[in-house]
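Notebook open, coffee poured. Let me write down what I look up, one item at a time.

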Amino acid sequence: MRRFGYSAVGVANGSTEMFSAFESGGPMWTGQGPRVELRSVRFDERFVEPPVVHVSLSMWDVDGNANQRADIQAVNITAEGFELQFSTWGDTRVARVRASWMAIGPLRHEDDWNLD
């Protein structure tokens, strides 16, 4: 369990289109084997330290004639932002993916005179 001190706690959230591979014939739609897409996300306000980030698929358009394999996660989390990472493998064909995310962490409080 992650505990936050007396500081203010902030919640940031958003939604990011990871890719749309169907129209362009991109590798998520036409490829085979392991494939990865990364998208950078910047928070509107800096957290005091790296927050806890929850990620979920809010839309995925996938070929129903192949196996449906997917992994989505937040990686490289800092106080300023993180990267969304979507991956698939094998014969899975993914046309489009949108990810939603929520970050919860400590914010600078007006009484925090010693934080830079």
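In which strand is Gln85 found? I looked it up: Gln85 is in strand 5. (Strands are DSSP runs of E, at least two residues, and helices are runs of H or I, at least four residues, numbered from the N terminus.)

Housekeeping next. This is a predicted model, where local features need pLDDT of at least 70, side-chain atom pairs count only at pLDDT 80 or more, and totals for chains, interfaces and linings use all residues. Residues are numbered from 1 along each chain as its sequence is written, and side-chain values use heavy atoms, with hydrogens and water left out.

Back to Gln85. Skipping neighbours within four places in sequence, I found Gln85 in contact (heavy atoms within 4.5 Å) with residues including Met18, Leu38 and Ile72. Val97 is twelve residues from Gln85 in sequence, and their C-alphas are 11 Å apart.

Then I checked the largest nonpolar core, meaning buried Ala, Val, Leu, Ile, Met, Phe, Trp, Tyr and Cys residues joined through side-chain atoms within 4.5 Å; buried is under 20% relative accessible area, exposed over 50%, partly exposed in between (1.4 Å probe, protein chains only). This core has 25 residues, and Phe19 and Trp101 are among those touching the most other members. Strand 6 (94–107) is one of the elements supplying at least two residues, and its seven are the largest share.

I also looked at Phe19: beyond four places in sequence, its contacts include Met28, Phe86 and Val97.

Last entry: Met102 lies in strand 6. Met102 is partly exposed, because its relative accessible area is 35%.
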